[in-house]
Amino acid sequence: MKKYAVGVIGATGMVGQRFVSLLDKHPWFNVVSLAASTRSAGKTYEEAVAGRWMMADAVPESVKNIVVKSAEKDIEAIAAEVDFVFSAVDMKKEEIAALEEAYAKAECPVVSNNSAHRWTPDVPMVVPEINPEHIAVIESQRKRLGTKRGFISVKSNCSLQSYIPALHPLKDEFGLNKVLVTTYQAISGAGKNFDTWPEMLDNVIPYIGGEEEKSEREPLKIWGKVEDGVIKTASSPLITAQCIRVPVLDGHMAAVFASFDKKPGLDVIKERWASFKGRAQELDLPSAPKQFLHYFEEDNRPQTKLDRMLENGMAVSIGRLREDTQYDVKFVCLSHNTLRGAAGGAVLMAELLCAEGYID
Ligand SMILES: NC(=O)c1ccc[n+]([C@@H]2O[C@H](COP(=O)([O-])OP(=O)(O)OC[C@H]3O[C@@H](n4cnc5c(N)ncnc54)[C@H](OP(=O)(O)O)[C@@H]3O)[C@@H](O)[C@H]2O)c1
C-alpha cells in the first residue's frame with residue numbers, strides 16, 4: 001500500500017511531540033515535514049526539542065535530522081512535500097483559524113487538534129466511531145474555499161472523549177434527554193507535567209477555562225446532522241458539566257448521570273456497550289481499538305493509572321453503572337486525554353479520511 005507523506009505543524013510542542021511519536025512506524029503515514037515557530041525553524045528536530053522532549057520513547061531516528069520549517073512562512077514548501085498535515089500549533093485562535101485555512105487553500109488537507117475551526121459549520125468534528133458521516137461536508141467546504149484537495153477537519157475537545165462514546169449507543173434507541181457530568185481532568189491536558197506544574201501536587205483546581213462550555217456544546221455538533229452542506233447541531237440532550245483539574249498526569253475521568261425517554265435496564269445498557277462497533281472498527285483502521293467500550297464489573301474500576309492505556313490508549317473504560325435517585329442511571333468513564341483525546345484521535349480521523357477517499 002502507498003504510504004502517505006505527512007507533515008506536523010506545531011511539531012515541537014507537547015501535542016506535536018505526541019503526533020511525531022505516534023506516527024513513528026505507522027503503517028500508512030510517513031512523517032516527512034515538521035514545522036513550528038520561527039524560534040525552532042532552521043534547527044534539526046532533535047535540536048529544536050532538546051531539553052523539552054516529553055515522550056517516554058526517545059525522539060524517533062526517522063525524524064531527528066529533519067530541518068524544522070516555519071509553520072507560517074513555509075506553507076507552500078510544506079504543502080508541496082506532504083499529502084496532508086496534522087495541526088498542533090499554539091497561537092491565538094484567529095491566527096490558528098487563518099493558518100489552517102491557508103494550508104487548506106494551498107491544497108493541503110489539515111487534520112487539526114485545535115479548537116479554532118470546531119464551530120465552522122462546514123468543518124467536520126469527527127469521532128470516527130460516532131459521526132463518520134459528517135466528513136461528507138468536506139465537499140461543500142471545498143467549494144467555499146475554492147479548493148480541489150484542501151480542507152480542514154477537526155477533533156473535538158478531550159474532556160468529552162469518555163462520556164460521549166458511552167452515551168452514544170443509548171442515545172437514539174432510548175431517547176437520551178438529560179446529562180449531568182463532572183470531569184476529573186489530567187494536567188497533561190494543559191500541556192503540563194508535575195515538573196512544569198508543581199502546584200498541582202496534592203491539589204485540585206475547580207476551574208479549567210472554557211472547558212465546561214466545550215463539554216456541553218461540542219457533543220451537540222458531534223450528534224448533529226449534515227443538511228445543505230453544513231452540520232446542523234442537535235437540540236438535545238440537555239448537558240450540564242463541571243470540569244475539575246486533578247493531580248493526575250494522563251487520563252480524564254468523568255462521573256456521568258443520564259436520563260432517557262424510555263429508561264433502559266442496566267443489563268441492556270451493558271449489552272449495548274459490549275456490542276457497540278463504529279466505522280473505525282468496520283474499516284479495521286490501524287489505530288482503532290478492537291473493542292471501543294470496555295465495561296468493568298469491579299467496583300473500583302476503571303482507575304486512571306491502571307486503565308488509561310487500554311488498547312494503546314484508544315479505548316474508553318466504563319464502570320460503576322447503577323440506578324440513580326434523581327436521574328435514571330449513573331456511571332463513570334475514562335479515556336486517555338493525549339492519546340484518544342488528542343493526537344491518537346486525530347490520527348484515527350486521518351485514517352478514516354484516507355480510507356473513505358477524502359485524502360488521496
Ligand atoms: N496539551 C493537550 O493535551 C491538548 C489537548 C487538546 C488540544 N490542545 C491544543 O493543541 C495546541 C497545542 O498544544 P500544546 O500543549 O502542544 O502546546 P505547546 O506545547 O505550547 O506547543 C505549541 C507548538 O506551537 C508552535 N508555535 C507557537 N507559536 C507559533 C507560531 N507563531 N507559529 C508557528 N508555530 C507556533 C510551537 O513552536 P515552538 O516550539 O517553535 O515555539 C510548538 O510547536 C493548542 O492549541 C492546545 O490548545 C492541547
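**Exercise 1. Are the residues on the two faces of strand E4 (residues 84–87) buried or exposed?**

Before we start: this is a predicted model, where local features need pLDDT of at least 70, side-chain atom pairs count only at pLDDT 80 or more, and totals for chains, interfaces and linings use all residues. Residues are numbered from 1 along each chain as its sequence is written.

*Solution.*
- Step 1: get the terms. Strands (E, at least two residues) and helices (H or I, at least four) are DSSP runs, numbered from the N terminus. Buried means 20 or more other C-beta atoms within 10 Å of a residue's own, exposed means 12 or fewer, and partly exposed is in between, with C-beta atoms placed from the backbone.
- Step 2: sort the side chains. In a regular strand they alternate between the two faces of the sheet. In E4, Phe84 and Phe86 are on one side, and Val85 and Ser87 are on the other.
- Step 3: read off the result. These four are all buried, leaving both faces of E4 covered.

**Exercise 2. Work out which strands pair with E4, and place them in the sheet.**

*Solution.*
- Step 1: two strands pair if DSSP finds at least two bridges between them.
- Step 2: take strand E1 (residues 4–9). Four bridges join E1 to E4, and the two run parallel. Here Val8 has Phe86 as its bridge partner.
- Step 3: now try strand E5 (residues 110–112). E5 pairs with E4 over three bridges, again in the parallel sense. Phe86 turns up here too, opposite Val111.
- Step 4: zoom out. The open sheet has six strands in the order E3-E2-E1-E4-E5-E6, with parallel pairing. Strands E3 (69–70) and E6 (152–154) are the edges, each pairing on one side only.

**Exercise 3. Follow the chain from E4 to E5 and find the handedness.**

*Solution.*
- Step 1: the pieces are E4, helix H5 (residues 93–105) and E5, which make a β-α-β unit.
- Step 2: point the strands away from you; a clockwise path from the first strand over the helix to the second is right-handed.
- Step 3: this unit is right-handed.

**Exercise 4. How do helix H7 (residues 163–174) and helix H9 (residues 266–275) cross?**

*Solution.*
- Step 1: axes are lines fitted to C-alpha atoms, for helices over the stretch in contact, and angles run from 0 to 180 degrees between N-to-C directions. The H7 and H9 axes come within 10 Å and cross at roughly 115 degrees.
- Step 2: 65 to 115 degrees counts as roughly perpendicular, so H7 and H9 are roughly perpendicular to each other.

Methods: Angles under 35 degrees count as roughly parallel, over 145 as roughly antiparallel, 65 to 115 as roughly perpendicular and the rest as oblique.
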